[in-house]
Amino acid sequence: MFAPKLVPGDEIRVIAPSTSMVILKGAQVDLSVERLTKLGFNVTFGKNAEAHDEFFSSSIAERIEDLHDAFADPNVKGILTAIGGYNSNQLLKYIDFDLIAANPKILCGYSDITALQLAIYQKTGLVTYSGPHFSSFGVKHGLEYTMESFLQAVTNDAPYEVVPSATWSDDAWYLDQENRTFHEQNGFLILQEGEAEGKLIGGNLCTMNLLQGTEFMPSLKDSILFIEDDEESHSRSFDRDLQSLLHLPDADSIKALLIGRFQKNSNITEEALRKIISSKEELRNIPIIANVNFGHVQPFATLPIGATATVKAAAGQTEIFIEQKE
């Protein structure tokens with residue numbers, strides 16, 4: 001189930017189902033609002049978006065109230081999460097999934113929001129979008145690729161391709177907007193060649209694994225699995241987290257694997273990644289592409305969870321093509 005696409009004049013509601021919006025700098029919030037307003041959207045905020053406790057989050061009741069209000073309000077057409085964090089999975093048993101199914105809307109965010117997105121997809125069939133947070137639009141330099149992919153995903157029904165960006169950056173842009181370091185991106189990294197079609201399922205790997213064994217975990221049957229992790233991961237934790245996912249009942253029918261570019265602090269080298277992947281008997285004979293533009297390194301593409309994708313990797317060339325139809 002695809003929600004109606006966004007058009008100029010639509011209201012986008014910002015909610016904070018994980019970390020509170022209170023941690024965002026005022027200038028960053030202002031720039032995010034300005035960017036979205038220039039696209040023709042009307043930005044509003046959940047009434048509890050800046051509520052916070054000693055964990056820089058807010059109560060389950062406050063976060064659920066904002067989530068439900070956003071889906072129930074007929075004026076709201078799209079929902080952006082403020083930022084990620086650690087605890088959106090606290091909300092899952094309190095969500096009114098019937099309300100969401102009856103009011104399908106675009107929901108976009110990434111990182112810890114993966115738990116919310118996969119649960120909503122699993123319980124309602126609603127396609128959710130692994131893409132920018134509201135705070136992501138506060139990036140002063142280097143946002144063009146992120147913005148273009150977001151608009152392709154949420155304002156257009158046409159198929160689109162996830163292509164390599166020209167450059168990438170791993171600096172703490174939210175601390176210093178001017179002193180940015182951009183590296184040349186030499187395409188995506190092919191770990192195994194092949195061609196496949198399937199349903200996009202994925203997000204942040206360690207967050208996905210929080211859903212294993214619960215009613216909120218989607219099946220990996222015939223999936224194009226896409227995974228990424230942040231700088232808190234490293235080679236050994238990535239290896240075991242991936243292995244855990246591959247133990248799921250339907251993992252033997254994964255059609256392709258896409259891996260988002262790792263942050264430098266994770267110290268996951270190409271050599272380490274190749275060794276990890278080659279050790280997975282479950283992943284034999286499927287296309288595997290790494291250094292894809294999604295996750296915690298900028299810029300990044302927007303990927304619709306539940307949409308159909310075609311993946312090709314051969315002779316140094318890659319194609320990741322996303323359909324947007326039910």
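A disulfide is a pair of cysteine sulfur atoms within 2.5 Å. The structure shown is a predicted model, in which local features need pLDDT of at least 70 and side-chain atom pairs count only at pLDDT 80 or more, while totals for chains, interfaces and linings use all residues. Residues are numbered from 1 along each chain as its sequence is written, and side-chain values use heavy atoms, with hydrogens and water left out.

**View A. Cys108 and Cys206, in a structure with zero disulfides.** The sulfur of Cys108 has its closest cysteine sulfur in Cys206, 19 Å away, which is too far for a bond. Cys108 is buried, at a relative accessible area of 0%. Cys206 is partly exposed, with 34% relative accessibility. Here buried means under 20% relative accessible area, exposed over 50%, and partly exposed in between (1.4 Å probe, protein chains only).

**View B. Ile288 and its contacts in strand 13.** Strand 13 covers residues 288–292 and includes Ile288; helices (H or I, at least four residues) and strands (E, at least two) are DSSP runs, numbered from the N terminus. Ile288 is buried, with 0% relative accessibility. Leaving aside residues up to four places away in sequence, Ile288 touches Leu189, Ile190, Leu191, Gln192, Leu257, Ile259, Ile277 and Leu283, where contact means heavy atoms within 4.5 Å. Gln177 lies 111 residues from Ile288 in sequence, and the C-alpha to C-alpha separation is 34 Å.

**View C. Phe97 and Phe216, one of six aromatic pairs in the structure.** The rings of Phe97 and Phe216 are tilted, with 6.2 Å centre to centre and 35° between the planes. Rings of Phe, Tyr and Trp (its six-membered ring) pair if their centres lie within 6.5 Å; planes under 30 degrees apart count as stacked, over 60 as edge-to-face and the rest as tilted. The pair links distant parts of the chain, 119 residues apart: Phe97 is in helix 3 (residues 97–102), and Phe216 is in the loop between helix 6 (205–208) and strand 11 (223–228). Phe97 is buried at 11% relative accessible area, and Phe216 is buried at 7%.

**View D. The edge-to-face pair of Phe238 and Phe262.** The ring centres of Phe238 and Phe262 are 5.1 Å apart and the planes stand at 85°, so the pair is edge-to-face. This pair also links distant parts of the chain: Phe238 belongs to helix 7 (residues 235–246), and Phe262, 24 residues apart from Phe238, sits in the loop between strand 12 (256–260) and helix 8 (270–278). Phe238 is buried, at 1% relative accessibility; Phe262 is buried, at 8%.
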